[in-house]
There are 2 protein chains.
Amino acid sequence: MDDRKLDVLRAIIEDFVATQEPVGSKSLAERHNLGVSPATVRNDMASLEEEGYITQPHTSAGRVPTDLGYRLFVDRISAVKPLSGAERRAIQTFLEGAVDLDDVVRRSVRLLAQLTRHVAVVQYPSLERSAVRHVELVALQGSRLLLVFITDTGRVEQRLVDVGTAHTADEVGELRDVFNAVLDGAMLTDVPTLLSDLPDQVRPELRPSLVNVIAVALEALVDKREERVMLAGTANLTRAAALDFPGTLRPVLEALEEQVVLLKLLGEAHDPSTMVVRIGQENELEQLHSTSVVSIGYGSGDTALASLGVLGPTRMDYPGTMTAVRAVARYVGRTLDVNGPS
Amino acid sequence: MDDRKLDVLRAIIEDFVATQEPVGSKSLAERHNLGVSPATVRNDMASLEEEGYITQPHTSAGRVPTDLGYRLFVDRISAVKPLSGAERRAIQTFLEGAVDLDDVVRRSVRLLAQLTRHVAVVQYPSLERSAVRHVELVALQGSRLLLVFITDTGRVEQRLVDVGTAHTADEVGELRDVFNAVLDGAMLTDVPTLLSDLPDQVRPELRPSLVNVIAVALEALVDKREERVMLAGTANLTRAAALDFPGTLRPVLEALEEQVVLLKLLGEAHDPSTMVVRIGQENELEQLHSTSVVSIGYGSGDTALASLGVLGPTRMDYPGTMTAVRAVARYVGRTLDVNGPS
DNA sequence: ATTGGCACTCAGGTACTTGGAGTGCCAATC
DNA sequence: GATTGGCACTCCAAGTACCTGAGTGCCAAT
């Protein structure tokens with residue numbers, strides 16, 4: 001592929017992203033000093049169009065990048081945009097103030113929305129990749145117990161269990177100790193296996209209750225495979241809604257209301273070094289065919305705990321968005337490392 | 001105020017809510033059998049307009065209700081719409097499946113959004129009105145402790161504390177017991193007072209750590225006066241956006257992103273028997289001048305734990321919305337009663 | 001108090017015109 | 001062979017003009 005043709009494509013994308021208007025050969029040749037005449041640019045454009053990278057909304061209009069054009073741009077043309085020192089510091093100080101996991105997630109998602117001016121999505125650290133820090137069992141009224149899991153990433157999951165018979169505080173303590181002895185430090189994925197032998201280890205009188213608790217614990221863990229996510233910046237969708245979202249942004253908003261969709265958007269928590277960019281039609285959901293998603297994993301060290309990313313119109317500033325997403329992911333990972341309970 | 005004039009106002013509101021179009025005297029006289037001629041209706045309309053209950057978008061257009069008109073409608077005219085048995089059952093079964101507090105809130109907010117087709121907002125049971133069910137103190141690595149509050153409404157709040165020195169499990173247990181002895185069953189509002197004398201009750205060696213923990217506990221409680229809310233159904237705003245939201249729905253979406261705003265929307269948790277309807281300009285925030293808010297408190301028994309409600313265009317079906325909100329609040333209260341840990 | 005009649009208003013639709021940005025193609029040039 | 005200027009062509013968008021019809025206010029009659 002001709003070098004200049006790539007330059008032309010880049011120029012088209014840059015201009016289109018900035019102005020939101022189809023860009024013509026003349027203004028293009030003027031604004032970017034390509035050193036060639038509009039006619040030459042026209043030739044290149046015709047060629048680019050034939051190859052499917054750009055298109056015309058109608059005859060005698062300028063060109064607009066296609067999804068394929070953006071793809072090429074992201075893969076081969078765009079330069080990485082460095083973060084300004086001020087931004088860097090802003091990120092850091094903003095995240096530093098977090099007091100607990102919820103707060104970290106809340107702050108990150110807002111930060112990301114603000115930096116990119118798109119919709120931000122942050123997944124809570126995955127339970128699957130977390131280890132048990134502590135299991136708590138609290139006696140409530142009557143025969144009810146409250147089971148609390150605390151993970152090394154700071155997540156807390158609780159469940160009610162009605163065990164049928166009331167227990168003394170000592171008995172509950174006994175159960176708690178059994179749980180902790182077996183589970184402390186274990187990966188959550190291993191919990192089911194570890195729990196299976198548990199009933200043998202307590203006095204027969206306690207076994208029925210223990211079995212109940214175990215059942216609920218397992219159910220809770222399976223349930224919560226459904227991971228949690230947090231969203232911010234939906235208002236950003238309206239920034240240029242009419243132009244970017246042909247019909248309306250209704251379908252997009254609807255999609256964003258579904259946790260499941262959000263999780264799919266972020267995809268599997270990929271390792272923090274590779275960024276995933278899904279452009280327009282590349283998204284599975286039809287409702288999101290006019291949006292792009294930029295996502296990346298985050299975590300302490302190099303294993304991903306979960307993912308975060310943003311969603312915006314296909315016509316977005318990819319280099320800028322990508323650096324912002326990468327930077328936030330890195331800082332979140334670091335924050336969890338320092339701040340997390342482990 | 002003339003009886004027929006009220007009838008006319010009701011008719012105008014009903015028609016306008018249904019069609020979204022200014023309603024004229026002729027179609028009005030036809031569709032609702034008022035028993036009078038269009039001319040008479042016109043006279044009434046002129047009078048209603050003079051009094052500020054309706055207005056014309058422009059000369060020679062039909063009439064549109066003003067905020068004041070809706071207000072009168074809500075206060076004096078509208079009949080309570082009963083819930084269908086099917087709806088009733090749907091609500092019940094939908095809420096019954098909830099496994100924990102988060103789940104109850106999530107389900108309620110979705111349900112409310114679905115029933116009313118507006119944006120739903122549900123506040124978590126207020127900490128201020130909750131009592132301490134249990135306090136947990138868990139030793140983590142090094143000198144760190146994890147402080148967990150469990151309330152009788154099922155909320156769990158956790159905080160990290162670095163106490164400076166490492167403690168043995170026994171020592172941590174001792175601290176935990178002290179906390180529970182004093183706080184168990186106490187209202188959260190009383191906690192600060194109760195904690196003030198605490199340091200005297202433990203061995204001198206533990207006092208510095210205890211002071212640290214207390215400081216964090218207090219801070220957390222003050223912090224979390226900032227209550228939590230959950231949102232759903234923003235996509236509903238787009239239903240008739242162009243007509244209902246003159247500029248765009250941007251400002252509305254922005255407002256909804258602010259927790260503080262949401263909390264203000266719901267207002268103080270008012271008792272479950274009175275519903276608050278704030279129409280258009282009656283809302284404090286200018287960004288919400290073209291929306292109405294319908295909210296009510298919910299709780300087990302007759303004290304309100306928190307509030308829930310919906311936000312929609314001023315042009316909404318008030319009677320329907322109000323019954324839905326009231327019904328959901330009632331069922332949520334009941335669900336928490338049965339399902340809650342207390 | 002209610003009604004029919006009547007002149008008046010004005011938003012929204014349709015039809016037509018025009019200007020200009022942009023294109024494709026071709027012949028001339030380097 | 002790539003690049004360029006010239007030129008005819010296309011077509012959207014904006015502007016103008018016009019018309020229609022729903023709706024009004026007012027007045028005189030019932």
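1. Helix 11 of chain B (residues 250–257) is a good place to start in this predicted model. Four of its residues, Val252(B), Leu253(B), Ala255(B) and Leu256(B), are buried. Looking down the axis of helix 11 of chain B, you will find the buried residues within an arc of 160°, so they line one face of the helix.

2. What lies over that face? The cover on the buried residues of helix 11 of chain B includes two elements given here with their ranges, strand 3 (119–123) and strand 7 (229–232) of chain B. Helix 12 (259–266) and strand 9 (291–298) of chain B are also among the covering elements.

3. Over in chain A, have a look at the open sheet of three strands, with the order 4-5-6 and antiparallel pairing. Strand 4 (132–139) and strand 6 (156–162) of chain A are the edge strands; each has a single partner strand, so one side of each is left without a neighbour in the sheet. On average, neighbouring strands of this sheet are turned by 15° against each other, direction ignored.

4. Within that sheet, seven bridges join strand 4 of chain A to strand 5 (residues 144–151) of chain A, in the antiparallel sense. If you want a pair to click on, Ala139(A) has Leu145(A), in strand 5 of chain A, as its bridge partner. Helix 7 (residues 169–183) of chain A packs on the sheet and touches both strand 4 and strand 5 of chain A. The direction of helix 7 makes about 165° with that of strand 4 of chain A.

5. Now for the DNA. Which residues are the closest to DNA strand D? Of the 20 residues that surround this strand, the closest are Val36(A), Ser37(A), Thr40(A), Ser60(A) and Gly24(B). Elements giving two or more residues to this surface are helix 3 (38–50) of chain A, plus helix 2 (25–31) and helix 3 (38–50) of chain B. Helix 3 of chain B gives the most, with four residues. By class, the surface near DNA strand D has eleven polar, six nonpolar and three charged residues.

6. Last, the contact between the two protein chains: chain A and chain B bring 28 residues each. On the side of chain A that touches chain B, strand 4, strand 5, strand 6 and helix 11 (250–257) of chain A are the elements that give two or more residues. The strands of the sheet in point 3 therefore turn up again here, as strands 4, 5 and 6 of chain A. By class, this side of chain A has 13 nonpolar, eight charged and seven polar residues.

How values were computed: Residues numbered from 1 in each chain as written. Chains lettered and ligands numbered in written order. Predicted model: local features only at pLDDT ≥ 70, side-chain atom pairs only at ≥ 80, totals over all residues. Pairing = 2+ DSSP bridges. Axes fitted to C-alpha atoms, helices over the stretch in contact; angles between N-to-C directions. Contact = placed C-beta atoms within 7 Å. Buried ≥ 20, exposed ≤ 12 C-beta atoms within 10 Å, placed from the backbone. Arc of directions from axis to C-beta. Near = placed C-beta within 6 Å. Nonpolar A, V, L, I, M, F, W, Y, C, P; charged D, E, K, R; others polar.
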